Amino acid sequence: MLYDAMREARRENLTYGLRHIAFNPNEPMTDAQLAKFAGRICHELHADPEHMTLVIHQKDGSTHGHLLLPEWQEDHILDSRFSWIRLEKLARLEEIRLGHALVAGRHDRSITKALRQDGKVHEAELIAALAPAQPADKPRAAYTSQAHRTAERQGLDLPKLKQRVASLWTQSDGLKSFRAALTEHGLTMREGDRTEKRPGAHIIETSDGKLIGSFTRLTKVRMVEFRKLLAEEQHRTVSKPETDIKSTRLPIRRTTPDFYEEYPIPKTTDAQTAPRKRPVIKRPKIREWQRELWLQRMADVDTTATKPLSPTSSIRIISAEEARFRKEIKKAIAQQQAILDQQAPEASWKPLDRNRTIAIWRKQLIPYQKQLRKSYDRYATAKRAWQEAEKSRWQRMTGKAAKLESLADQLFFDFLEILRFVVQALLHIVGLRSEPPQPIRTVLNEKNRPQLERFKKTYDAEFSAMADPQKLESWLNQRFDTLAQARQRRIDKWEKEHTGEKHTARREIERLSALLSTKPALLRRQVTMHRQTPQILTSSPFATLL
């Protein structure tokens with residue numbers, strides 16, 4: 001099968017023929033659960049589950065799976081848009097479904113947004129709690145899976161060495177002590193080999209030259225800060241300590257204009273006397289264009305523009321206690337305003353676009369429609385062959401008609417099973433079913449017939465919609481209207497529940513604003529009254545703060 005997939009990829013001029021997806025859960029999963037999860041991956045990437053290769057095995061006591069999918073899916077290429085984010089979304093949903101501990105990833109915000117658009121509000125809230133407050137705090141891998149496998153072959157424990165390097169850096173007070181600590185543990189730090197691409201980057205390796213990782217990645221130090229540490233270390237190495245430097249400069253003495261009259265220069269000889277020089281006061285030089293600019297700015301200053309402050313200006317001098325009182329009032333107003341600004345959780349979401357939403361649904365349903373139509377064609381062909389055989393007396397006598405009847409019945413069971421799978425997929429895509437469709441059963445008999453026919457009768461409207469494109473368009477429009485109305489009802493319900501709280505907050509803001517706009521003398525009087533009789537403002541929400 002894998003060889004045929006590679007041949008088909010070459011025939012379609014594709015670069016790759018197979019896609020490998022490995023998943024290793026933290027908690028135990030049965031083979032059936034792993035197989036269902038592989039089916040959900042196929043559904044997400046628009047792959048045919050019948051052509052997947054799933055290998056489930058154990059390694060070091062941990063069961064994990066390897067999923068191989070052909071890139072060419074008979075009539076389309078395997079979907080690869082944002083595949084990493086979508087696989088993370090499937091992993092988080094599987095953890096919620098099985099009750100496992102949720103694992104934080106780098107794309108939790110994008111996953112939350114996608115789930116909310118799909119109407120999965122509960123799952124979105126659970127995953128949103130994993131996202132860090134700052135984007136810089138997103139989890140990241142310290143090394144790739146390939147580096148991990150290489151380290152295992154070399155007999156190294158990368159997680160343990162990474163923790164050791166990080167602890168040594170936190171215990172060190174600089175690069176010099178950090179290098180010494182690395183040497184004690186059999187590790188070294190040197191400049192990387194790719195200096196032309198990443199100048200200044202250093203790597204940490206073992207004494208025998210086995211790579212562990214880069215310094216900045218293992219210690220979480222930014223490259224800019226690390227370059228500063230390197231520059232400081234180099235400066236200390238080149239320059240000598242201050243205690244070893246003997247200065248040859250003379251002490252500076254400030255001179256005055258009559259310094260040489262007060263302290264004359266002694267004569268060197270009787271015939272020649274050293275000339276006396278006035279001390280020169282050196283001023284910093286300024287360029288001509290800077291001097292002209294400064295003079296221009298000084299000339300542009302309008303000395304008449306500045307007027308003295310009129311004595312009638314509204315200057316209010318308030319006490320510290322009154323200022324604190326006003327600050328507490330403003331803080332209480334802000335708290336009440338925050339209550340007024342609250343909205344329903346779904347009110348801030350992006351409005352649903354009918355055409356875009358229905359187009360996405362139709363695109364996701366195309367593979368299922370083809371699968372249903374292909375199954376029905378096989379059944380219809382077998383049924384016609386059986387009916388024609390029934391007309392032939394010779395075929396009835398030879399038993400060929402009975403064989404064709406048995407084949408038609410089996411294909412009818414297969415058609416009902418695929419119908420069940422397709423209808424469940426339709427309900428899951430539009431949000432009426434929380435779980436993906438159960439995988440198609442390959443072995444069916446007469447015992448399964450009542451249950452399948454009962455399912456067909458229950459969901460006859462959905463089956464008719466999948467079989468007729470015009471009915472499907474009408475059904476999807478009805479489903480979109482129901483979805484939009486349900487969202488609006490939830491928003492209206494939230495607003496109704498919080499109407500009283502917002503009305504109270506609005507009245508409180510009006511009362512506090514009126515109190516804040518009072519004259520300083522009246523406000524000062526109220527502060528004094530509150531100090532004497534605190535029960536006057538007990539109805540205020542900030543009375544406890546006063």
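Start by selecting helix α20, residues 499-516, and look for its buried residues: Lys-502, Ala-505, Glu-508, Ile-509, Leu-512, Leu-515 and Leu-516. Now turn the view until you look straight down the helix axis. From there the buried residues of α20 fall within an arc of 140°, so they line one face of the helix. An α-helix has 3.6 residues a turn, so residues three or four places apart point the same way. You can also check the length of α20: at 1.5 Å a residue, its 18 residues should span 26 Å, and the C-alpha atoms at its ends are 26 Å apart, which agrees.

Before the next stop, zoom out. What you have open is a predicted model. The protein has 21 helices and 6 strands. Of its 546 residues, 30% are buried. Colour the surface if you like: the accessible area comes to about 38300 Å², and carbon and sulfur atoms account for 53% of that. Among contacts with a separation of 6 or more, 60% are between residues 24 or more positions apart.

Next, select strand β1, residues 18-23. Which of its side chains are buried? Arg-19, Ile-21 and Phe-23, which point to one face. Leu-18, His-20 and Ala-22 point to the other face and are not buried. Add strand β3, residues 62-70, to the selection: β1 and β3 run antiparallel and are joined by 6 bridges. Find Arg-19 again and look across to β3, where Leu-69 stands opposite.

Now for the aromatic rings. The protein has 10 aromatic pairs. Select Trp-169 and Phe-178, an edge-to-face pair with 5.3 Å from centre to centre and 90° between the planes. Both Trp-169 and Phe-178 are buried. Add Phe-215 and Phe-226 to the selection, and you have one aromatic cluster of Trp-169, Phe-178, Phe-215 and Phe-226.

For the last stop, select Tyr-376 and Phe-415. This aromatic pair is tilted, with 5.5 Å from centre to centre and 55° between the planes. Tyr-376 sits in helix α14 (residues 354-391) and Phe-415 in helix α16 (residues 400-429), so the pair links distant parts of the chain, 39 residues apart.

Is each of these two rings' residues buried or partly exposed? Tyr-376 has 43% relative accessibility and therefore counts as partly exposed. Phe-415, at 4% relative accessibility, counts as buried, because the cut-off for buried is under 20%.

How values were computed. Residues are numbered from 1 along each chain as its sequence is written. This is a predicted model: local features need pLDDT of at least 70, side-chain atom pairs count only at pLDDT 80 or more; totals for chains, interfaces and linings use all residues. Side-chain values use heavy atoms; hydrogens and water are left out. Buried means under 20% relative accessible area, exposed over 50%, partly exposed in between (1.4 Å probe, protein chains only). Helices (H or I, at least four residues) and strands (E, at least two) are DSSP runs, numbered from the N terminus. Two strands pair if DSSP finds at least two bridges between them. Contact means heavy atoms within 4.5 Å. Accessible areas come from the Shrake-Rupley method with a 1.4 Å probe; for residues, only the protein chains shown count as cover. The expected span of a helix is 1.5 Å times one less than its number of residues. The arc is that of the directions from the helix axis to the C-beta atoms. Rings of Phe, Tyr and Trp (its six-membered ring) pair if their centres lie within 6.5 Å; planes under 30 degrees apart count as stacked, over 60 as edge-to-face and the rest as tilted.
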